[in-house]
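Trainee: Could you walk me through how to read some features of a model like this one? I would like the general idea and then the case at hand.

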Amino acid sequence: MILNMSGGGSNPLNFKVVGNPQPENPKGNTIWVNTDVPIPTCVLAPPFPGEAQPVEEGTVWIATGDSYDAAFNALKKDTIMVCPVGAMQYVSGAWVDLDAYLYNGAEWVQFSTARLFLYNKGDKCEAITGGWGTSGYSHRSYSLRSPTFNSTSVTIASNRATNAGAAGTLNAVDLTDIKTIKINFTAVSHYAYVYISNTKANPDSNAAAQVSANYKGEYSLNVSNLKGNYFIFIITFGSTQAPNTSATYDWIEMFR
Amino acid sequence: MIVYVDKENKCHTSNDGTMTAVETDFFDGKCETFIEGYCYEKKETSVAIYPWKDYDELDAAQREYERQMLAEYQENSIPISDLETAYREGVNSV
């Protein structure tokens, strides 16, 4: 089902899709998608579009499935039950997950959750992280070497026993509603450490949580008992035995 | 330091005979309450250390422990002026 949001004519449909701001006095079957980007067209269909289906900028895709959590009757007269299970919007050439809700007449029911990245294949997610680097960080007696930003990944590397390659969020990130942080290392030469700390000073000594990795792959860290703002800091140390160490990651995602 | 990990990956400061001893510097200088609010999860290529209790409570306990340690140190330490006096008396007696 494709909806032209510009309207016109009589409307047999029993729902509407709106972006921000959140409606204050919504009617039943109002779908609110948390986006400031104008919505020219809305598509209701399973499954989500693939990368090879470019559409008009701002198009919202409501994926339908078999979950009845936010089911609604799409028609005014007859009955077609629609079960929304996700929402995405086409913004600047890519599909972006959105927070989306259905007003069922009594309350908002969330059926879609935006993905939260700290870094995603070239995107430093600066709105959340403030950027990545070593500014303001200190780590014992090691001098910190700034990260290398590749087109779709970040590489940290040491080249002496007395230094370390590192990358940390320049801003502290609110982890209050976050249960897990996952990172994907595409390469680890020796060891890499991920520290979650409420200070940029010696994140390892002041870590509230940490995970180490000695091989490429996905690693997750439970942060469900951390509330408030924390820095995420990734480091690989040089040593006498191995002055040259490195690690590369291409995404870091937070999960509610 | 050495901590003991149970089958639920929870940390302990003493072993009841069923736990695995692990050595980590993550808990160096940390009090028992702090340590026992943590999990230590070892996998083939990684070790994850994270709180299973509310971190703010663990952090508050650790800060209280550090305050007590500092207070004991200050109570038991000898003032420098007393040390200087004793030194001079010792020198002068020779």
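Trainee: How much area is buried between chain B and chain A?

Mentor: Keep in mind that this is a predicted model. The area buried between chain B and chain A comes to about 1,400 Å², and carbon and sulfur atoms give 45% of that. On the chain B side, B:F26, B:T45 and B:Y55 lose the most area to chain A; together they account for 36% of what that side buries.

Trainee: How many residues does each chain bring to the contact?

Mentor: Chain B brings 16 residues and chain A brings 19 residues.

Trainee: And what about polar contacts and salt bridges across the interface of chain B and chain A?

Mentor: Start with the idea behind a salt bridge: side chains of opposite charge can pair when their charged atoms come close. Across this interface the rule finds 0 salt bridges. Polar contact is another matter, with 8 residue pairs counted between chain B and chain A, both residues at pLDDT 80 or more.

Trainee: Which elements of chain B supply at least two residues of the side that touches chain A?

Mentor: They are β5 (46-51) and α2 (55-76) of chain B. Of the elements on that side, β5(B) gives the most, with 6 residues. By residue class, the side of chain B that touches chain A divides into 9 nonpolar, 2 polar and 5 charged.

Trainee: Which strand of chain A is joined to β5(B), and in what sense do they run?

Mentor: Strand β21 (residues 207-213) of chain A is joined to β5(B) by 4 bridges, and the two run antiparallel. To find the pairing on screen, begin at A:A213, whose bridge partner in β5(B) is B:S46.

Trainee: Let me turn to strands within chain A. How should I read a strand such as β23 (residues 229-237) of chain A?

Mentor: The general idea is that in a regular strand the side chains alternate between the two faces of the sheet. In this case, 8 of the 9 residues of β23(A) are buried, so the strand is largely enclosed by the rest of the structure.

Trainee: Which strands pair with β23(A)?

Mentor: Among them is β17 (residues 163-169) of chain A, which pairs with β23(A) in the antiparallel sense over 5 bridges; there A:A164 has A:F237 as its bridge partner. Strand β20 (residues 192-197) of chain A is also antiparallel to β23(A), over 5 bridges, and A:I196 is matched with A:I232. Strand β18(A) joins β23(A) through 2 bridges, again antiparallel, with A:D174 bridged to A:N229.

Trainee: Is A:V173, in strand β18 (residues 173-174) of chain A, buried or exposed?

Mentor: The cut-off for buried is under 20% relative accessible area. A:V173 has 2%, so A:V173 is buried. Leaving aside residues up to four places away in sequence, A:V173 touches A:L118, A:I128, A:G228, A:N229, A:Y230, A:I232 and A:M254. Take A:N229 from that list: A:N229 and A:V173 are 56 residues apart along the chain, with their C-alpha atoms separated by 5.0 Å.

Trainee: Back to charges, then. How many salt bridges does a search of the whole structure find?

Mentor: The search finds 7 over all chains. One of them joins A:R256 and A:D99, with the closest N and O atoms 3.9 Å apart. This pair links distant parts of the chain, 157 residues apart: A:R256 is in the segment after β24 (244-255) of chain A, and A:D99 is in the loop between β9 (94-97) and β10 (100-103) of chain A. A:R256 is partly exposed at 43% relative accessibility, whereas A:D99 is buried at 12%.

Trainee: Where in the chain are the two ends of the salt bridge between A:E253 and A:R115?

Mentor: A:E253 lies in strand β24 of chain A, and A:R115 lies in the loop between β11 (108-112) and β12 (116-120) of chain A, 138 residues apart. Their closest N and O atoms are 2.8 Å apart. A:E253 is buried, with a relative accessible area of 3%, while A:R115 is partly exposed, with 47%.

Trainee: What separates B:R67 and B:E64 along helix α2 of chain B?

Mentor: About one helical turn, because B:R67 and B:E64 are 3 residues apart in that helix. Their side chains meet in a salt bridge of 3.1 Å, N to O. B:E64 counts as partly exposed at 34% relative accessibility.

Note on methods:
Residues are numbered from 1 along each chain as its sequence is written. Chains are lettered from A and ligands numbered from 1 in the order in which they are written. This is a predicted model: local features need pLDDT of at least 70, side-chain atom pairs count only at pLDDT 80 or more; totals for chains, interfaces and linings use all residues. Side-chain values use heavy atoms; hydrogens and water are left out. Contact means heavy atoms within 4.5 Å. Buried area is the accessible area (1.4 Å probe) that two parts lose on being put together, summed over both. A salt bridge is a side-chain nitrogen of Lys or Arg within 4 Å of a carboxyl oxygen of Asp or Glu. A polar contact is a pair of N or O atoms within 3.5 Å; within protein, one must be able to donate a hydrogen and the other to accept it, and residues adjacent in sequence count only if both atoms are side-chain atoms. Ala, Val, Leu, Ile, Met, Phe, Trp, Tyr, Cys and Pro count as nonpolar, Asp, Glu, Lys and Arg as charged, and the others, Gly among them, as polar. Two strands pair if DSSP finds at least two bridges between them. Buried means under 20% relative accessible area, exposed over 50%, partly exposed in between (1.4 Å probe, protein chains only).
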